[in-house]
Amino acid sequence: MRTAKLSPSLFAANIFDMKNQIKILQNNHVDLLHVDVMDGNFVSRMAFGADHIRMLKENTDIPLDVHMMVINPEKHLEAVIAAGADIITIHQEATNCLYHCLQTIKKAGRKAGVVLSPATHPANIEYVLDVVDMILIMTVNPGEGGQKFLPDMLNKIRQVHAMAKDRDIDIEVDGSIDDKTAVLCRNAGANVFVSGGYIFNNDIGQHVIKLQQVLNIKR
Ligand code: ZN
């Protein structure tokens, strides 16, 4: 079984208190920091660019798990790599040169991942399995807030888990992940859990601990 990891999503953090909130995450031994890059085009919202990633990199040791919700990610890879992203995931739907993008990330010595929006079938990534370190399955529509977890995605997680076989690929889930949906996804085969609203809602430390408990993550 793949080791479970927690990747709190900074989009849900309070921007006025981000330094303290990241410190709480660090003190609670989260594995990754999830950074959503949104271009107002692939998704309607806008968020975090390469300059923000650089600032985060300079101020925390938590590896940065950068989720590119942008059209034509190939235009931005160089900047995001230079900024210090440790893991870069790009949407299958966002580019005509997926394989090349993944190779570019790998050549730079970073971990490369591919993301599947809810309507995308796992068969679309069958031929990139040998170049990816991570597959991210969206469990809500990308880039929109306040959505309900899509239970149909549990079957997709099972399909991706079966496709990945014994390859060293992390299976990440993103969207409405709390102490209940995380367990459902874990049982279906996911091992990296993005959580935003649930963790940052109020007591950050307590919610991180709760997720670590239900996922059997050692602190
Ligand atoms: Zn994300």
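Modeller: Buried means under 20% relative accessible area, exposed over 50%, and partly exposed in between, with a 1.4 Å probe and protein chains only. This is a predicted model, where local features need pLDDT of at least 70 and side-chain atom pairs pLDDT 80 or more, while totals for chains, interfaces and linings use all residues. Residues count from 1 along each chain as written, and side-chain values use heavy atoms, without hydrogens or water.

Biologist: Happy to start with the metal: which residues coordinate the zinc ion?
Modeller: Donors are N, O and S atoms within 2.8 Å of the metal (3.2 Å for Na, K and Ca), and a site may look incomplete without water. Around the zinc ion the distances run from 2.1 to 2.2 Å. The residues, with their atoms, are His-34 (NE2), Asp-36 (OD), His-67 (ND1) and Asp-174 (OD).

Biologist: How are those donor residues spaced in sequence?
Modeller: The pattern begins with a histidine and ends with an aspartate. Written out, the spacing is H-x1-D-x30-H-x106-D.

Biologist: What angles do the 4 donor atoms around the zinc ion subtend?
Modeller: The 4 donor atoms come from His-34, Asp-36, His-67 and Asp-174. The angles they subtend at the zinc ion cover a range, 91 to 167°.

Biologist: How many residues apart in sequence are the parts that Asp-36 and His-67 tie together?
Modeller: Strands (E, at least two residues) and helices (H or I, at least four) are DSSP runs, numbered from the N terminus. Asp-36 belongs to strand β2 (residues 33-39) and His-67 to strand β4 (residues 64-69), so this pair links parts of the chain whose separation in sequence is 31 residues.

Biologist: Is Asp-36 buried or exposed?
Modeller: The relative accessible area of Asp-36 is 6%. Its fellow donor His-67, at 0% relative accessibility, counts as buried. With its 6%, Asp-36 is also on the list of residues that are buried.

Biologist: Which loop holds His-29, with its positive phi?
Modeller: Phi of His-29 is near 60°, a positive value in a residue other than glycine. At 44% relative accessibility, His-29 is partly exposed. Its place is the loop between α1 (18-27) and β2.

Biologist: What is phi of Asn-72 near?
Modeller: Asn-72 sits in the loop between β4 and α3 (77-83). With a relative accessible area of 26%, Asn-72 is partly exposed. Its phi is positive, though Asn-72 is not a glycine, and is near 50°.

Biologist: Which residues have the most contacts inside the largest nonpolar core?
Modeller: A nonpolar core is a set of buried Ala, Val, Leu, Ile, Met, Phe, Trp, Tyr and Cys residues joined through side-chain atoms within 4.5 Å. The largest one here has 69 residues. Inside it, the most contacts belong to Ile-135 and Phe-193.

Biologist: Which residues is Lys-111 in contact with, leaving aside its neighbours within four places in sequence?
Modeller: Contact means heavy atoms within 4.5 Å. Lys-111 lies in strand β6 (residues 111-116), and at 44% relative accessibility Lys-111 is partly exposed. Beyond those neighbours, Lys-111 is in contact with Asp-86, Ile-87, Ile-88, Ile-105 and Asp-133.

Biologist: Lastly, what separates the C-alpha atoms of Arg-54 and Ala-79?
Modeller: Arg-54 lies in helix α2 (residues 50-59) and is partly exposed, with a relative accessible area of 33%. Not counting residues up to four places away in sequence, Arg-54 touches Ala-82 and Ala-83. Arg-54 and Ala-79 are 25 residues apart along the chain, and the separation of their C-alpha atoms is 9.6 Å.

Key
Tetrahedral: all angles 85-135°; square planar, octahedral: opposite > 155°, others 65-115°.
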